[in-house]
Amino acid sequence: MFDDFFIRALVAGIGIAFVTGPLGCFVVWRRLSYFGDTLAHSALLGVTIAYTLEFNIAVSIFITSSIIALILVKLEKKTNLPGDALLGLLAHSSLAVGLVAIGFLTFIRFDIMGLLFGDILAVTTDDLLTIWIGGALILLVLKLIWKPLFASTVNYELAEAEGLNPDRAKAIFTILMAAIIAISIKMVGLLLITGMLIIPTAMARNLSDNPQKMVVFSIIGGLLSVFIGLFSSLEFNTPSGPSIVAAALVLFIFSLFKIKQTIQLKN
Amino acid sequence: MSIEKNILVKLKDVGFEQNDKWLVKGVSLQVEKGKIVTLIGPNGSGKSTTAKIALGIYKNIEGQVEKFTNNIGYVPQKISIDWTLPLRVKDFMLLTDNLKDDALDEALTLTGVKHLKDKNLGNLSGGEFQRVLLARAISKKPELLVLDEPVQGVDFTGEIALYELIKKISEKLNCGILLISHDLHTVMTATDHVVCLNGHVCCSGSPKDVARNNEYKALFGEQASQTLSVYEHKHDHEHSNDGEIKKN
């Protein structure tokens with residue numbers, strides 16, 4: 001049962017869960033789930049560029065997503081369109097352009113399903129290095145910007161007034177979002193990365209009364225989702241991304257009962 | 001030069017324009033160590049805007065702001081906190097600074113809300129929340145305190161106690177305070193310098209001078225000035241409802 005590829009997938013998934021936990025909290029707190037979606041959709045474009053130029057996939061996705069984030073910031077300033085319309089515009093157009101580009105790349109065989117929904121068979125030893133080294137870097141940078149980022153999430157003006165430079169923290173956080181998408185795309189797939197970011201966090205919200213607890217529960221939720229999801233993926237031959245996210249959903253549903261209990265206790 | 005050294009923040013002829021409307025224009029003031037400067041003025045006169053300019057929250061401003069300290073405590077007028085974020089009072093207290101537990105306790109005790117330390121911020125009443133905001137601002141022992149309506153929603157006896165506390169803090173920490181307040185009585189008794197705003201600086205000076213000033217009277221009505229002065233002089237301009245200066 002424990003074939004080599006499965007161990008690799010498991011190790012990869014554990015690495016990703018450690019990073020998506022804390023990042024996911026900020027995605028939920030700062031209401032960035034559509035922003036995450038947009039960056040993830042643009043990752044497909046990054047993949048096609050990587051294949052065309054024979055370039056490292058994770059680096060290519062990271063650069064493409066970062067550029068899309070920059071374009072978004074520019075468009076927000078230059079147009080009168082609301083933020084969600086701009087996000088939709090960028091998400092779907094970059095996905096469309098990516099798919100069209102794949103259509104032209106007839107000389108390469110693409111596993112589109114794998115790109116969209118993740119593929120545990122595709123995780124190589126190199127990918128493990130990318131995930132664990134990249135993940136460690138993301139967590140390190142997040143720790144460094146934690147104070148200003150958290151303070152400005154609670155209240156931007158307080159953070160700005162008391163000299164924490166929230167704008168810089170926000171810009172760095174955007175780059176971290178692009179990075180997590182770059183390292184987790186093979187496992188979870190680009191359509192479901194946001195699910196991995198927000199569903200364990202949503203579960204954690206139901207169980208926590210303070211931010212530290214929420215981060216810890218979010219990581220635990222992510223780890224459990226990875227374990228349950230990957231085992232069922234192996235058992236039922238289902239794609240890895242949806243299996244992990246479905247497992248996260250089940251955990252979320254369980255966490256709702258905990259809320260019900262506390263409400264009943266209070267009454 | 002000793003006076004220069006005591007200056008914490010200095011605004012030189014600052015103004016801020018938003019959506020083609022000047023919220024404030026031509027405001028100059030300075031806050032020194034150990035002094036309380038109070039901004040008064042009707043709604044929409046640019047009090048909060050001036051405070052935000054002094055704090056560096058508004059960036060595209062006219063004029064100059066010189067800040068000589070980075071150790072600042074701020075109590076904003078309005079604060080909206082998103083409850084998707086679970087936050088206890090003690091988490092909130094540590095928001096911008098890493099403080100020791102006894103520093104937290106001391107500040108919370110001073111504002112009378114130590115018993116709320118482990119409570120969720122979302123479950124506090126308006127007055128309790130205001131006391132927590134004030135405790136957070138003073139807990140880091142700032143050099144400059146900017147307090148925008150710091151006692152709104154606090155009960156009457158608490159209000160007096162908190163203003164006394166603010167006065168005490170300014171003496172104890174020798175910090176400068178930029179205060180925005182509607183309570184004219186407190187302003188007149190606890191303040192070193194008053195700036196009366198209405199889109200621009202209407203008048204400024206010691207509380208007594210301002211109370212005698214005719215523009216102050218025009219803004220706040222006879223009653224407000226009667227408490228301290230009945231002095232009169234000619235008003236050289238009028239205001240329309242939005243604070244713009246009417247040309248006679």
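User: How many C-beta neighbours inside 10 Å does Lys141(B) have?

Analyst: This is a predicted model, in which local features need pLDDT of at least 70 and side-chain atom pairs count only at pLDDT 80 or more, while totals for chains, interfaces and linings use all residues. Residues are numbered from 1 along each chain as its sequence is written, with chains lettered from A and ligands numbered from 1 in the order in which they are written. A residue is buried if 20 or more other C-beta atoms, placed from the backbone, lie within 10 Å of its own, exposed if 12 or fewer, and partly exposed in between. Lys141(B) counts as partly exposed, because the number of its C-beta neighbours inside 10 Å is 16.

User: Where is Lys141(B) found, and what is its phi?

Analyst: Helices (H or I, at least four residues) and strands (E, at least two) are DSSP runs, numbered from the N terminus, and Lys141(B) is found in the loop between α5 and β6 of chain B. Most residues other than glycine have a negative phi. Lys141(B), although not a glycine, takes a positive phi, with a value near 50 degrees.

User: Which residue lies in the loop between α7 and α8 of chain A and has a positive phi?

Analyst: The loop in question follows α7 (156-161) and leads to α8 of chain A. The residue has a phi near 55 degrees, although it is not a glycine. It counts as exposed because it has 12 C-beta neighbours inside 10 Å, and its name is Asn165(A).

User: What does the secondary structure of chain A consist of, and what is its radius of gyration?

Analyst: Chain A has eleven helices and zero strands. The globule rule (2.2 Å times the number of residues to the power 0.38, set against a radius of gyration taken over C-alpha atoms) gives 18 Å for 267 residues, so chain A is as compact as a globular protein of that length. Its C-alpha trace spans about 60 × 50 × 30 Å along the principal axes, and 48% of its residues count as buried. The radius of gyration of chain A is 19 Å.

User: Which helix gives the most to the largest nonpolar core?

Analyst: A nonpolar core is a set of buried Ala, Val, Leu, Ile, Met, Phe, Trp, Tyr and Cys residues joined through C-beta atoms within 7 Å. The largest has 149 residues, and those with the most contacts inside it include Ile180(A), Val146(B) and Cys196(B). The greatest contribution to this core, 13 residues, comes from residues 166-188 of chain A, which form helix α8.

User: How many residues of chain A are in contact with chain B?

Analyst: Two residues are in contact if their C-beta atoms, placed from the backbone, lie within 7 Å. From chain B, 20 residues take part, and the number of residues of chain A in contact with them is 20.

User: Which strands of chain B stand at the edges of the six-stranded sheet?

Analyst: Two strands pair if DSSP finds at least two bridges between them, and six strands of chain B form an open sheet with mixed pairing in the order β5-β6-β7-β3-β8-β9. Each of the edge strands has a single partner, so one side of each is left without a neighbour in the sheet; they are β5 (72-75) and β9 (201-205).

User: Which residue of β7(B) stands opposite Leu144(B)?

Analyst: Strand β6 (residues 144-148) and strand β7 (residues 176-180) of chain B pair in the parallel sense over five bridges. In β7(B), the residue that stands opposite Leu144(B) is Gly176(B).

User: At what angle does α2(B) run to β1(B) in the three-stranded sheet?

Analyst: The open sheet has antiparallel pairing in the order β2-β1-β4 of chain B, with β2 (21-32) and β4 (62-67) as the edge strands. In this sheet, β1 (residues 7-18) and β4(B) pair over five bridges, with Glu62(B) as the bridge partner of Gly15(B). Helix α2(B) packs on the sheet and touches β1, β2 and β4 of chain B. Taking axes as lines fitted to C-alpha atoms, for helices over the stretch in contact, and angles from 0 to 180 degrees between N-to-C directions, the angle between α2(B) and β1(B) is about 120 degrees.

User: How many residues of α2(B) are buried?

Analyst: Helix α2 (residues 47-55) of chain B is mostly covered, with Lys47(B), Ile53(B) and Leu55(B) among its buried residues. Just after the helix, Gly56(B) takes a positive phi of about 85 degrees. Of the nine residues of α2(B), the number buried is eight.
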